[in-house]
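User: Please take a close look at one part of this model for a first-year student. I should like one connected account that begins at a single residue and then moves outwards.

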Amino acid sequence: QVQLVESGGGLVQAGGSLRLSCAASGSISSIKAMAWYRQASGNQRELVARIIGSSSTNYADSVKGRFTISRDNAKNTVYLQMNSLKPEDTAVYYCNVLLVEVGLGPIKSYWGQGTQVTVSS
């Protein structure tokens, strides 16, 4: 079994910053990719940023230059540093991890429980 625990959401004024964390634990053999998605009220869940391996990253156009995804392999943790936040960044943010469990087998996808980010104008 694998667990993902997210932290770092909250309320911030426009222009402010927040840092999200997501720690994976359990029977993990290797992590292939880690990502952050978000879902605003009434909208579909969308990819915000992804990191593959240790350093290959991609971002949604709406967050390029403002958000940075990073990863601590030793801690199986992914971070999302969010700067210059805008009201339109308000959403529930979910981490997603693609990994192989101990004992090998197929790559599996796990989701965090979600953390609310609210940006006031």
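In which loop is the place of S84?

Analyst: S84 is placed in the loop between β8 and β9. Strands here are DSSP runs of E with at least two residues, and helices are runs of H or I with at least four, all numbered from the N terminus. The model is a predicted one, in which local features need a pLDDT of at least 70 and side-chain atom pairs count only at pLDDT 80 or more, while totals for chains, interfaces and linings use all residues. Residues are numbered from 1 along each chain as its sequence is written, and side-chain values use heavy atoms, with hydrogens and water left out.

The backbone of S84 deserves attention. Most residues other than glycine have a negative phi. S84, which is not a glycine, has a positive phi of about 50°. S84 counts as partly exposed because its relative accessible area is 41%; the class lies between buried, under 20%, and exposed, over 50%, with a 1.4 Å probe and protein chains only.

From S84 one may pass to R66, since S84 is among the residues that R66 touches. A contact requires heavy atoms within 4.5 Å. With residues up to four places away in sequence left out, the partners of R66 are Q81, M82, N83, S84, L85, K86 and D89. R66 itself belongs to the loop between β6 (56-59) and β7 (67-72). Its relative accessibility is 11%, and therefore R66 is classed as buried. The side chains of R66 and D89 are also joined by a polar contact of 2.8 Å. Such a contact is a pair of N or O atoms within 3.5 Å; within protein, one must be able to donate a hydrogen and the other to accept it, and residues adjacent in sequence count only if both atoms are side-chain atoms.

A positive phi is also found at N76, which is not a glycine and has a value near 50°. N76 lies in the loop between β7 and β8 (77-82). Because its relative accessibility is 25%, N76 counts as partly exposed. Apart from neighbours within four places in sequence, N76 is in contact with C22, A23, A24, I28, I31 and M34. Between the C-alpha atoms of N76 and V97 there are 9.8 Å in space, although the two residues are 21 apart in sequence.

The contact with C22 leads to the one disulfide of the structure, where a disulfide is a pair of cysteine sulfur atoms within 2.5 Å. It joins C22 and C95, with 2.0 Å between the sulfur atoms. Distant parts of the chain are thereby linked: C22 is in strand β3 (residues 18-26) and C95 in strand β9 (residues 91-101), 73 residues apart. C22 is buried because its relative accessible area is 0%, and C95 is buried because it too has 0%.

Beside C22 in the sequence view of β3 one may consider S21, which lies in that strand. S21 counts as buried because its relative accessibility is 17%. Among the residues touched by S21, beyond four places in sequence, are E6 and W36.

The residue Y94 in strand β9 touches these two residues as well, E6 and W36 being among its contacts. Y94 lies in β9, and at 15% relative accessible area it is therefore buried. Y94 and C22 are 72 residues apart in sequence, yet 8.8 Å apart in space, C-alpha to C-alpha. Further contacts of Y94 include R45 and W111.

The charged end of R45 sits over the ring of Y94, 3.8 Å from the ring centre. R45 also lies over the face of W111, at 4.7 Å from that ring centre. For a charge to sit over a ring, NZ of Lys or CZ of Arg must be within 6 Å of the ring centre and within 35 degrees of the ring normal.

Finally, strand β5 (residues 46-52) pairs with β6 in the antiparallel sense over four bridges; pairing requires at least two bridges found by DSSP. Within this pairing, A49 stands opposite Y59 in β6. The hairpin of β5 and β6 has three residues between the strands, and there G53 takes a positive phi near 65°.
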